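Got a structure open and a pile of labels to make sense of? Let's go through some of them and ask what earns each one.

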Amino acid sequence: MSQMTSGMSSHKNIFSTEQSNDLSLLIGDHETQESEGGEADLHKYIVGCKKNPGHKQFIPVDKFTLKHLPEGLQDNDLYECIKLSADLTVRVAVEMISPNRPKFWPKTIQPYPFYNVSNTKPLRTGSGRVCYVKKYQNEVRQDLKCWCRKCLHSDSPSNEWWEFYVTTATHVVFDDIEARHTTLRLFYDRNDSPVLIVDKVSVDYVNIEYDSFRLKCVTCDKTLGNKLMDIRKHYQNVLKKVFEKDFFSRPKQKLNFIVSHPHGCSKQTIPALIPPECDK
């Protein structure tokens, strides 16, 4: 039986050689924090969390060290891979519920999240991850300019900008209506992290059945654009090293790690081994 849970849509990274195609165990589940009181009320949901009281298994990403990895997997490249994955994880905040949300999950009679409260504007938060970054500069032939909110209302939009893509879930952002009311907070690693917001996004890909959604985002902030490109490139290089190592032939040593923004608050991670009986 599926269970509706309150919390935060998590970005999961499962290092396993086998993947299940059975979605029936997942249909109906969602982990999205809803806050009628907006941003100011998010921290109270951690205090009152019944699913993970005290969030004792969660590790703030700025406190995460090599020693937090399970014994036998305390590898520098694996640790660096998780840290970089955390850098690419963003908080997704949505302030609109689309009237286009279906009544049920596809091919089921399981209620689809927030169908019964469409056209309302409570703050909902989830997680996503930057999956691709590209720089544009002096695109004269195509007459392209930066399309961030600042440049759209400027007489001299920037001719240098970065477009990046963020993967999340359709139950977090459903369509273009919700995308227009979506903002991303990047590098929210501590409660006192600088507030870095990207507020111009559009729909790039949607698959409701697989609960998969990809946002196209833009910035002309040089510091942010170059930082995202550098992190993404470094992540790809480290990930290759991790996969070249012999982690995955060990049936009792398959690692699952989650990076998320629990209840819409600062970023945390959970590294854990997958028990053999669950890896089917």
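Q: Where is Asp211 found?
A: Quick heads-up: the model is predicted. Asp211 sits in the loop between β9 (201–207) and β10.

Q: Why is Asp211 called buried?
A: Buried means under 20% relative accessible area. Asp211 comes in at 19%, so it counts as buried.

Q: What makes the phi of Asp211 worth a look?
A: Its sign. Phi of Asp211 is near 55°, a positive value in a residue other than glycine. Lys107 has a positive phi too, near 65°, and it is likewise a residue other than glycine.

Q: Where does Lys107 lie, and why is Lys107 called exposed?
A: Lys107 lies in the loop between β4 (89–94) and β5. Exposed means over 50% relative accessible area; Lys107 has 76%, so the label fits.

Q: What makes Glu209 and Lys107 a polar contact?
A: The cut-off is a pair of N or O atoms within 3.5 Å. The side chains of Glu209 and Lys107 come in at 3.5 Å, and the pair counts as a polar contact. Along the sequence these two residues are 102 residues apart, yet in space they are 8.3 Å apart, C-alpha to C-alpha. Glu209 lies in the loop between β9 and β10.

Q: Why is Glu209 called partly exposed?
A: Partly exposed covers the range between under 20% and over 50%. Glu209 has a relative accessible area of 31%, so it gets that label. Lys216, in strand β10, has 24%, so it is partly exposed as well.

Q: How many residues apart in sequence are Lys216 and Val130?
A: They are 86 residues apart in sequence, while their C-alpha atoms are 9.8 Å apart in space.

Q: Why is the pair Tyr136 and Trp161 called stacked?
A: A pair of aromatic rings is described by the distance of the centres and the angle of the planes. Rings pair if their centres lie within 6.5 Å, and planes under 30 degrees apart count as stacked. The model has 5 aromatic pairs by this rule. For Tyr136 and Trp161, the centres are 5.3 Å apart and there are 10° between the planes, which fits the stacked label.

Q: What makes this a link between distant parts of the chain?
A: Tyr136 is in strand β5 (residues 123–137) and Trp161 is in strand β6 (residues 160–168), 25 residues apart.

Q: Why do Tyr136 and Trp161 count as buried?
A: The limit is under 20%. Tyr136 has 17% relative accessibility, so it is buried, and Trp161 has 1%, so it is buried too. Elsewhere, Trp105, Tyr112 and Phe174 form one aromatic cluster.

Q: Why does the span of helix α2 agree with what is expected?
A: Helix α2 (residues 76–88) has 13 residues, which at 1.5 Å a residue should span 18 Å; its end C-alpha atoms are 18 Å apart, so the two agree. Its buried residues include Leu78, Tyr79 and Ile82. Asp75 caps its N-terminal end, with a side-chain oxygen 2.9 Å from the backbone nitrogen of Asp77.

Q: How does helix α5 do on its span?
A: Helix α5 (residues 222–244) has 23 residues and reaches 33 Å from its first C-alpha to its last, close to the 33 Å expected. Leu224, Leu228 and Tyr235 are among its buried residues. At its start, a side-chain oxygen of Asp221 reaches to within 3.0 Å of the backbone nitrogen of Thr223.

Q: Why is Arg185 called buried?
A: Arg185 has 8% relative accessibility, so it counts as buried, the limit being under 20%. Arg185 lies in strand β7 (residues 182–185), and its side chain reaches the backbone oxygen of Ser193 at 3.0 Å.

Q: What lines the second largest pocket?
A: Its lining includes Cys148, Arg149, Asp221 and Leu224. β8 (197–198) and β10 (212–219) are the elements that give two or more residues to that lining. By class there are 7 nonpolar, 1 polar and 4 charged residues, and the pocket's volume is about 150 Å³.

Terms used: Residues are numbered from 1 along each chain as its sequence is written. This is a predicted model: local features need pLDDT of at least 70, side-chain atom pairs count only at pLDDT 80 or more; totals for chains, interfaces and linings use all residues. Side-chain values use heavy atoms; hydrogens and water are left out. On a 1 Å grid over the protein atoms alone, a cavity is a set of points where a 1.4 Å probe fits but cannot get out, and a pocket is an open set with protein on both sides within 12 Å along at least five of seven lines; lining residues have an atom within 4 Å of a point. Grid points are joined across faces, edges and corners, and a volume is the space filled by probe spheres set on the points. Helices (H or I, at least four residues) and strands (E, at least two) are DSSP runs, numbered from the N terminus. Ala, Val, Leu, Ile, Met, Phe, Trp, Tyr, Cys and Pro count as nonpolar, Asp, Glu, Lys and Arg as charged, and the others, Gly among them, as polar. Buried means under 20% relative accessible area, exposed over 50%, partly exposed in between (1.4 Å probe, protein chains only). A polar contact is a pair of N or O atoms within 3.5 Å; within protein, one must be able to donate a hydrogen and the other to accept it, and residues adjacent in sequence count only if both atoms are side-chain atoms. The expected span of a helix is 1.5 Å times one less than its number of residues. Rings of Phe, Tyr and Trp (its six-membered ring) pair if their centres lie within 6.5 Å; planes under 30 degrees apart count as stacked, over 60 as edge-to-face and the rest as tilted.
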